[in-house]
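This report goes through a single protein model, beginning with how its strands pair and ending with how its parts are arranged. Please keep the sequence and the coordinates open alongside the text.

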Amino acid sequence: ATPTALLVGTGRGSQLGILIRGPQVLEQTRKIDTVVLDKTGTVTTGRMALSSIALVDGQVERELLRLAASAESGSEHPIARAILEDARSRGIDVGSPESFLSHTGQGVQAMVGNHLVVAGRGSWLQSDWGIEIPESLAQAITQSESQGKTAVVVAWDGEAQGVLSVGDTVKPTSREAVELFRRLGLTPVLLTGDNDGAARAVAAQIGLDDVRSGITPQGKLAVIRELQADGHVVAMVGDGVNDAAALAAADLGIAMGAGTDAAIAAADITVMSGDLTTVGDAIRLSRRTLGIIK
Ligand code: ADP
Ligand code: MG
């Protein structure tokens, strides 16, 4: 669904690439006191790369990558893209899975040949699949997370086979954006489905300390509702399918234009660039436009 978009401040709004769903949105920009930021793809580039691989005894790196990449080939997640890119760059033949299911905020499952492959968060593999994580892999997960990375556990036929460590980088303007939000009187909060180590590493780089990590898409919605129940008027900035419910529930939902259609459809404001400072500009511009109208 394409929202009937209005460009605020006309010339300036379109110059900045800010789309506003309707005039009622402007009023919301004045009331907000909290800005919740999704991590992956919003604060960070979302262009992830594979940095290390840990294997259980007897497992082979190329086989792990082949099965993981084939299983991930149906996913649009930045993690999936990183794994596929790495496998292809090594000349590994990545096949299409016979069947595929994506579990938002958790991982993927796929039939690759005659293997049922599951790749995703270790806690999800344990709780939903009853897969045990051996000590050597648990250590690899801890190490990966302490470096601010995301650990993807890869299992097939009910056994964990290895851990792929992936990470991305903070966008160059994200820190400046956090300062801008503060100047606008907004308290920044980082919200992510990712692990606490990765979340804290990013939070330190952008200069904020309120971090909510390991949050499922439904949990993201719950965090927004909790903040609202505490009397806050909340803006949420996100880019993913996993942010759509939270964007819709927020008093002001802001989607990054490079994000998914689901996020854009759920948002009040879309910022075409991936630059988080433009979100601050959009809020400032909307408030100013309101000042002129009234
Ligand atoms: P974020 O809130 O940072 O955008 P998501 O909610 O998309 O993160 O994902 C949360 C976690 O779920 C990821 O950090 C990862 O551990 C796991 N995950 C999600 N999608 C995938 C996937 N396609 N493959 C492997 N793991 C995934
Ligand atoms: Mg995201």
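## Strands β5 and β6

In this predicted model, strand β6, which covers residues 115-120, runs antiparallel to β5, and the two are joined by six bridges. One of the pairs can be placed exactly, since Gly-107 stands opposite Gly-120 in β6. The hairpin that β5 and β6 form has two residues between the strands, and Gly-113 takes a positive phi near 60° there.

On the β4 side, β5 (residues 107-112) is joined to β4 by five bridges, and this pair also runs antiparallel. Within that pairing, Met-111 in β5 is the bridge partner of Ser-99.

## The sheet as a whole

These strands belong to an open sheet of six, arranged in the order β3-β8-β7-β6-β5-β4 with antiparallel pairing. The edges are formed by β3 (49-55) and β4 (99-103), each of which pairs on one side only. If direction is ignored, neighbouring strands of the sheet are turned against each other by 20° on average. As general background, the strands of a sheet pair through backbone hydrogen bonds, in either a parallel or an antiparallel sense.

## Strand β7 and its partners

Strand β7 pairs with β6 in the antiparallel sense over four bridges. Two of the matched positions can be named: Ala-119 has Val-154 in β7 as its bridge partner, while Val-118 has Ala-155.

Towards β8, the antiparallel pairing of β7 comprises seven bridges, and Trp-156 stands opposite Glu-159 in β8. The two strands form a hairpin with two residues between them, and Asp-157, in the turn, has a positive phi of about 50°.

## Burial around β7

How much of β7 is buried? Seven of its seven residues are, so the strand is largely enclosed by the rest of the structure. The cover extends to both faces: on one side Thr-150, Val-152, Val-154 and Trp-156 are buried, and on the other side Ala-151, Val-153 and Ala-155 are buried as well.

Ala-151, which is found in strand β7, illustrates this setting. Ala-151 counts as buried because 28 other C-beta atoms lie within 10 Å, where 20 or more are required. When residues up to four places away in sequence are left out, Ala-151 touches Gly-122, Ala-140, Ile-141, Ser-144, Glu-145, Val-163 and Ser-165. The C-alpha atoms of Ala-151 and Leu-50 are separated by 9.9 Å, although the two residues are 101 residues apart along the chain.

Helix α7 (residues 135-146) lies across β3, β7 (150-156) and β8 (159-167), and runs at about 10° to β8.

## Two domains and the contact between them

The domain assignment divides the protein chain into domain 1 (11-45 + 170-293) and domain 2 (49-167). The C-alpha centres of the two domains lie 30 Å apart. Where they meet, 13 residues of domain 1 are in contact with eight residues of domain 2.

On the side of domain 1 that touches domain 2, the elements giving two or more residues are α3 (39-43) and α9 (196-206). Of these, α9 gives the most, with four residues. By class, this side of domain 1 has five nonpolar, seven polar and one charged residues.

## A position in helix α13

Arg-284 is found in helix α13, which spans residues 276-293. Is this residue buried, exposed or partly exposed? Arg-284 counts as partly exposed because it has 15 C-beta neighbours inside 10 Å, a count that falls between the limits of 12 or fewer for exposed and 20 or more for buried. The C-alpha atoms of Arg-284 and Arg-212 are separated by 26 Å, with their positions 72 residues apart along the chain.

## Confidence in the model

The pLDDT averages 92 over the protein chain, and 94% of the residues score at least 70. Residues 1-10 have a pLDDT below 50, and this stretch has 20 contacts in the model beyond near neighbours in sequence. For the model itself, the scores are ipTM 0.96 and pTM 0.82.

Definitions and conventions
Residues numbered from 1 in each chain as written. Chains lettered and ligands numbered in written order. Predicted model: local features only at pLDDT ≥ 70, side-chain atom pairs only at ≥ 80, totals over all residues. Domains from an automatic or database assignment. Contact = placed C-beta atoms within 7 Å. Nonpolar A, V, L, I, M, F, W, Y, C, P; charged D, E, K, R; others polar. pLDDT = per-residue confidence, 0-100. Pairing = 2+ DSSP bridges. Axes fitted to C-alpha atoms, helices over the stretch in contact; angles between N-to-C directions.
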